[in-house]
Amino acid sequence: YKCDYATLNSILLAPTASTVLTKQKIRDRTPVKPFHPVCYNPEHSGTLSKICLGKRDLSYDKNDLPSTKQAHHLLRRNKHLISQQEYDCSQSKIHFLPVFNSHTEQSLGDCSYLDTCHKMKTCRYLHYFTLHPELGNSSRRNRNISEYTIDECFMEHEREVIPAQWIKCDIRYLPLLVLGKFAAIISDPAWDIHMSLPYGTCKDTELLSLNIGALQDEGILLLWVTGRSIEVGRKALKRWGYRNCDELIWVKLNQLKRTIVTGRTGHWLNHSKEHLLVGIKGNPIWLTRHIDTSVLISNTRETLRKPDEVYDYVERLVGIHTRKLEIFGRTHNTRPGWFTVGNQLNQSSIHEKEVILRYD
């Protein structure tokens, strides 16, 4: 059989049936989340702000503001005070409602830190309340069952995901073998970046001395690093028995969906991104590859809190029923299917009998 080079090349480069079917299976199971555009009409935001927030005499604090549900309740109750166009827009688009406190000086413009400002109660710059459309039942997970079952556990669709587990501890002194083995690990160390920080940090030598490699025979490790610690992180991966195979970049957005330029981080340039090193140990051919991109664009939240989308990345790589671990985690990191360890957790909660026996 004869064929030209172009035909042969197209055959060799074509995705395999396994790749095509796996991608389709992941699409069928990925939660459906609606995309809402942003309304940039200042008249809409001003009117909705008067209805939902009013003139605030208290010093601005996140806890003083209504929830999205409460804000929409106020809108429905005062629907006669706004136009139908403004009401319909509030149900389909995101609005950033200006928060006017007694000490706010609108002429100063927007606060550079916005929702991450550490001095919200006294900051004279303008802050915003984000009004999202009501989601209703539109963000449910698809329940399509794929006929393609390679790499699945037996009766996977009927199995329940293990509830969230965690251990409050100093990771430096925890015998890691108590935890068992994992398919995927996320580590978010408190690197010492040689700046004044509102939390404790670890020295490079302490992090390098951790025996992270004992937690995996083969699998994937994702390591958050700062600008200064990128090379230290790569060195750590190698010491723990991993090869640095890739890197994910988180582009950080502020509350108004703009790139962060606060000047809070970075010695010379504004650090508007963070790096997540990806290490591979062994030859995990069972990983679902070529699904996600290496760039993640997401909002910042509290100090040290990373995007929740990273967990979706990992679950698409290794599956929802595999054992997954987060090191240096906090209470907001705990989630079903994951084991979290760190010294900022509340007590401990373990469900796997084997781990309970080893831990006791």
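Which residues does Leu 325 touch, not counting residues up to four places away in sequence? Select Leu 325 and display its contacts (heavy atoms within 4.5 Å): Leu 179, Phe 182, Ala 184, Ile 185, Ile 186, Leu 215, Trp 338, Phe 339 and Val 341 are the residues that appear. This is a predicted model, in which local features need pLDDT of at least 70 and side-chain atom pairs count only at pLDDT 80 or more, while totals for chains, interfaces and linings use all residues. Residues are numbered from 1 along each chain as its sequence is written, and side-chain values use heavy atoms, with hydrogens and water left out.

Widen the selection next to the largest nonpolar core, which has 32 residues; such a core is a set of buried (under 20% relative accessible area, 1.4 Å probe, protein chains only) Ala, Val, Leu, Ile, Met, Phe, Trp, Tyr and Cys residues joined through side-chain atoms within 4.5 Å. Helix H6 (204-208), strand S5 (219-225), helix H7 (230-240), strand S9 (324-327) and strand S10 (338-342) each supply at least two of its residues, helices and strands being DSSP runs of H or I over at least four residues and of E over at least two, numbered from the N terminus. The largest share, 5 residues, comes from H7. A second, separate core of 19 residues includes Ala 183, Leu 248, Trp 250 and Val 310.

Then colour the strands: 9 of them form an open sheet of mixed pairing, in the order S8-S6-S7-S5-S4-S9-S10-S3-S11, where two strands pair if DSSP finds at least two bridges between them. Finish at Trp 166, which stands opposite Thr 340 in S10.

Technical notes:
Buried < 20%, exposed > 50% of the residue type's maximum accessible area, 1.4 Å probe, protein only.
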